[in-house]
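The following exercises concern the fold, the surface and one charged residue of a protein. Each task is followed by a solution in steps.

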Amino acid sequence: MPLYEHVFISRQDLSNAQAEGLVEHFSTVLKDNGGNVIESEYWGVKTMAFKINKNRKGHYAYLRTDAPSSAVQEMERLMRLHDDVMRVLTIKVDAHEEGPSVQMQKKDERGDRRERRPRD
């Protein structure tokens with residue numbers, strides 16, 4: 001089955017438990033339609049670069065899935081209909097990376113960054 005990565009943003013006025021409940025709800029939708037959730041991460045409340053639906057912040061969640069396209073389409077359809085979900089991004093990938101996502105890693109563990117160039 002194809003591999004996907006999903007990130008969705010929910011409204012800032014939800015509690016942490018409600019935001020994590022959305023992750024569980026959409027994971028169940030995928031499982032009911034023949035998919036499998038490999039990993040899910042709740043990234044917490046983050047400030048957005050611009051307002052979405054008059055909100056400056058949002059609860060971010062991340063899913064790594066192995067699901068048929070029909071299950072992904074059904075999950076995205078339900079996300080668009082849900083009042084608490086503001087944005088959804090789904091990406092089809094060739095392989096999932098091992099370990100936690102970049103958002104969950106500590107700042108000192110991200111050693112792939114380049115050094116800044118000195119200003120002239």
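Accessible areas here come from the Shrake-Rupley method with a 1.4 Å probe. The model is predicted.

**Exercise 1.** State how much surface the protein exposes and what share of it carbon and sulfur atoms supply.

*Solution.* The exposed area is about 8,400 Å². Carbon and sulfur atoms supply 44% of that area. As to the interior, buried residues account for 37% of the 120 residues.

**Exercise 2.** Describe the fold in terms of its secondary structure and its contacts.

*Solution.* Begin with the elements: the protein has two helices and four strands. Their order along the sequence is β-α-β-β-α-β. Next, consider contacts between residues at least 6 apart in sequence: 76% of these join residues at least 24 apart. Finally, the C-alpha trace spans about 55 × 35 × 25 Å along its principal axes.

**Exercise 3.** How are the positive and negative side chains balanced in number, and how far apart are the centres of the two sets?

*Solution.* There are 20 positive and 20 negative side chains. The centres of the two sets lie 10 Å apart.

**Exercise 4.** Determine whether E5 is buried or exposed, and whether it has a salt bridge.

*Solution.* First, locate E5: it belongs to strand β1, residues 3–11. E5 is buried. The nearest side chain of opposite charge is that of R64, 4.4 Å away. A salt bridge requires a separation within 4 Å, and E5 has none. The side chain of E5 does, however, make a polar contact of 3.2 Å with that of Y62. Beyond its neighbours within four places in sequence, E5 is in contact with residues including L63, L89, I91 and H96.

How values were computed: Residues numbered from 1 in each chain as written. Predicted model: local features only at pLDDT ≥ 70, side-chain atom pairs only at ≥ 80, totals over all residues. Heavy atoms only, no water. Buried < 20%, exposed > 50% of the residue type's maximum accessible area, 1.4 Å probe, protein only. Contact = heavy atoms within 4.5 Å. Lys, Arg positive; Asp, Glu negative; His and termini not counted. Charge placed at Lys NZ, Arg CZ, Asp CG, Glu CD. Polar contact = N/O pair within 3.5 Å; in protein donor to acceptor, adjacent residues only side chain to side chain.
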